[in-house]
Amino acid sequence: MSTTEADCIFCRIVAGEIPATVVHRTATTVAFRDANPQAPTHVLVVPRTHVANAAELADVEPGTMSDLVTAAAAVAHEDGLGSDYRLVFNTGAGAGQTVFHAHLHLLGGRSLAWPPG
Ligand code: 5GP
Ligand code: ZN
């Protein structure tokens with residue numbers, strides 16, 4: 001089942017229709033704290049444009065893919081993480097993706113095991 005913009009929770013957060021703790025905004029991206037944080041800093045950086053996953057974003061709006069990483073680095077700096085953080089795109093339900101609007105997870109503030117499982 002595909003997700004349309006009207007019923008997409010991250011589109012609604014981008015539009016300000018449902019609340020989120022937004023920590024960073026650019027012309028192409030919005031970053032907000034994850035509702036179920038897995039680390040002291042757990043922020044989702046999303047494109048304003050609705051696309052299903054990271055690969056689709058790279059196809060249709062490659063500059064915004066770069067913007068997501070730049071925004072994540074800015075939030076990491078603001079949260080005092082320096083350059084110690086993890087960036088993750090879950091792609092596909094089999095890999096744990098539950099929201100089908102591309103989002104970059106920024107995780108940090110504790111030691112992060114590798115591999116993540
Ligand atoms: P995924 O599993 O798709 O990679 O990540 C989706 C993330 O979105 C999860 O970490 C989940 O906690 C977060 N999430 C789902 N719904 C909401 C919401 O309404 N608000 C916020 N802030 N985070 C959400
Ligand atoms: Zn969306």
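The sheet, its covering helix, a cis peptide bond and the two largest pockets are described below for a predicted model.

The strands form an open sheet of five. Their order is 1-2-3-5-4, and the pairing is antiparallel. Strand 1, residues 22-25, and strand 4 are the edge strands. Each of these two pairs on one side only. Between neighbouring strands of the sheet, the average turn is 20°, direction ignored.

Within this sheet, strand 3 spans residues 41-47. Strand 3 and strand 5 run antiparallel and are joined by five bridges. Across this pairing, Val43 stands opposite Leu106 of strand 5.

Helix 3 covers residues 62-78. This helix lies across strand 1, strand 2, strand 3, strand 4 and strand 5. Relative to strand 3, helix 3 runs at about 155°.

The segment after strand 5 contains Pro115. The peptide bond leading from Trp114 into Pro115 is cis. Its omega is near 0°.

Attention now turns to the pockets. The largest pocket holds about 290 Å³ of space. Twelve residues line this pocket. Nearest its centre lie Gln38, Arg86, Val88, Leu107 and Pro116. Two strands, strand 4 (86-88) and strand 5 (104-108), each supply at least two residues of the lining. Edge strand 4 thus also appears in the wall of the largest pocket. Strand 5, the partner of strand 3, contributes to that lining too. By class, the lining of the largest pocket comprises five nonpolar residues, five polar residues and two charged residues.

The second largest pocket contains about 240 Å³ of space. Its lining is made up of 19 residues. Phe10, Asp34, Ala35, Leu44 and Val99 lie nearest the centre of this second pocket. Helix 1 (9-14) and strand 2 (29-33) each provide at least two lining residues. The largest share comes from helix 1, with three residues. Ten residues of the lining of the second largest pocket are nonpolar, seven are polar and two are charged.

Notes. Residues numbered from 1 in each chain as written. Chains lettered and ligands numbered in written order. Predicted model: local features only at pLDDT ≥ 70, side-chain atom pairs only at ≥ 80, totals over all residues. Heavy atoms only, no water. 1 Å grid on protein atoms, 1.4 Å probe; cavity = no way out; pocket = protein on both sides within 12 Å on 5 of 7 lines; lining within 4 Å. Points joined across faces, edges and corners; volume = space filled by probe spheres on them. Helix = DSSP H or I, 4+ residues; strand = E, 2+ residues; numbered from the N terminus. Nonpolar A, V, L, I, M, F, W, Y, C, P; charged D, E, K, R; others polar. Pairing = 2+ DSSP bridges. Axes fitted to C-alpha atoms, helices over the stretch in contact; angles between N-to-C directions. Contact = heavy atoms within 4.5 Å.
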